[in-house]
Amino acid sequence: MIEKTLVLIKPDGVKRNLIGEIIKRFEDRGLKVKALEMLTADQATVSEHYQLNNRDYIIHLGHVDTTGWSNEQIEEKYQKSYKIVEDLQKFLISGPIVKILLEGENAVVLVREITGKTDPSTSPKGTIRGDLGEDSFEKSNQEDRAVYNLIHASGELDEAEREIKLWFPS
Ligand code: ADP
């Protein structure tokens, strides 16, 4: 199915002059750039993107299935993810970013595949985060900040629809 999805090149990707390299990797795999803009995000948009006031979103951050979890386990995940989302908000607003609307066959899954895993240090070679990422969960946690992983890419089709409406309102 032809899908649309959203990619944000985060401030680390822009600072490290990786905009072209990142877009090339998507284009090389057949994805079409439908819209693109460089900007510094405002707090309102970032708060809609990383939703600190949405308990369900926080609990399921990373698309974790909490079926069968105890209340304590859910509360622990909530506390941990809340801090991660707070740090992600701060990071996303910390400098210029590039928002990109991509389209292609199975675009949501394909873009996630090209992007790689959240932690660049364990992301496979051949992925953007695996090849170009220089950070790790370990280092980011030591320094009490979000992990520098170059890109945000929508995780699922409904997330892509929501995020496209947010970043590319028409
Ligand atoms: P992605 O941008 O790859 O979709 P998310 O921001 O949704 O990644 O995070 C996915 C999961 O990775 C989260 O549920 C969280 O458990 C984990 N994670 C993210 N950042 C960190 C961090 N700095 N330290 C530890 N785990 C993290």
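Visitor: Which residue is the bridge partner of Thr5 in strand 3?
Guide: Keep in mind that we're looking at a predicted model. Strand 1 covers residues 2-9, and eight bridges join it to strand 3 in an antiparallel run. Follow that pairing across from Thr5 to strand 3, and the bridge partner you land on is Leu102.

Visitor: And what stands opposite Lys32 in strand 3?
Guide: Lys32 brings us to strand 2, residues 32-39. Strand 2 also pairs with strand 3 in the antiparallel sense, over seven bridges. Look straight across from Lys32 and you'll find Glu103.

Visitor: Is strand 3 largely enclosed or open, and how many of its nine residues are buried?
Guide: Let's use the cut-off here: a residue is buried if its relative accessible area is under 20%. Strand 3 spans residues 97-105, and it is largely enclosed by the rest of the structure, because the number of its nine residues that count as buried is eight.

Visitor: How many residues of strand 1 are buried?
Guide: Strand 1 has eight residues, and it is mostly covered. Remember that it pairs with strand 3 over eight bridges. Of the eight residues in strand 1, the number buried is six.

Visitor: Which residue stands opposite Ile9 in strand 4?
Guide: Strand 1 has a pairing with strand 4 too, and strand 4 is residues 151-153. The two run antiparallel, with three bridges between them. Opposite Ile9 sits Ile151.

Visitor: Let's try the loops. How far apart are the C-alpha atoms of Asn106 and Met1?
Guide: Asn106 is in the loop between strand 3 and helix 6 (107-115). Along the chain, Asn106 and Met1 are 105 residues apart. In space, though, Asn106 touches Met1, and also Glu3. From C-alpha to C-alpha, the separation of Asn106 and Met1 is 5.7 Å.

Visitor: What is the phi of Asn106, and is the residue buried or partly exposed?
Guide: Asn106 isn't a glycine, yet its phi is positive, at about 50°. For the second part, look at its relative accessible area, which is 40%. That falls between the cut-offs of 20% and 50%, so Asn106 is partly exposed.

Visitor: Where is Asn17, and is it buried or exposed?
Guide: You'll find Asn17 in the loop between helix 1 (11-15) and helix 2. It has a positive phi too, near 60°, and it is a residue other than glycine. Its relative accessibility is 67%, and the cut-off for exposed is over 50%, so Asn17 counts as exposed.

Visitor: Which residues is Arg29 in contact with, leaving aside its neighbours within four places in sequence?
Guide: Arg29 lies in the loop between helix 2 (19-28) and strand 2. At 44% relative accessibility it counts as partly exposed. Its C-alpha is 9.3 Å from that of Gly104, which is 75 residues away in sequence. The contacts you're after are Leu110, Glu113 and Ile114.

Visitor: Now step back. What pattern does the protein chain follow along the sequence?
Guide: Start with the parts: there are nine helices and four strands. Write α for a helix and β for a strand, then read along the sequence. You get β-α-α-β-α-α-α-β-α-α-α-β-α.

Visitor: What is the radius of gyration of the protein chain, and why does it agree with a compact globule?
Guide: Along its principal axes, the C-alpha trace spans about 45 × 35 × 30 Å. A compact globule with 170 residues would have a radius of gyration near 15 Å, so the chain's value agrees: 16 Å.

Visitor: Last one: among contacts between residues at least 6 apart in sequence, what share join residues at least 24 apart?
Guide: You've already met one contact of this kind: Asn106 touches Met1, and those two are 105 residues apart along the chain. Count over the whole protein chain, and the share is 74%.

Key. Residues numbered from 1 in each chain as written. Predicted model: local features only at pLDDT ≥ 70, side-chain atom pairs only at ≥ 80, totals over all residues. Heavy atoms only, no water. Rg over C-alpha atoms; globule rule 2.2 N^0.38 Å. Contact = heavy atoms within 4.5 Å. Buried < 20%, exposed > 50% of the residue type's maximum accessible area, 1.4 Å probe, protein only. Pairing = 2+ DSSP bridges.
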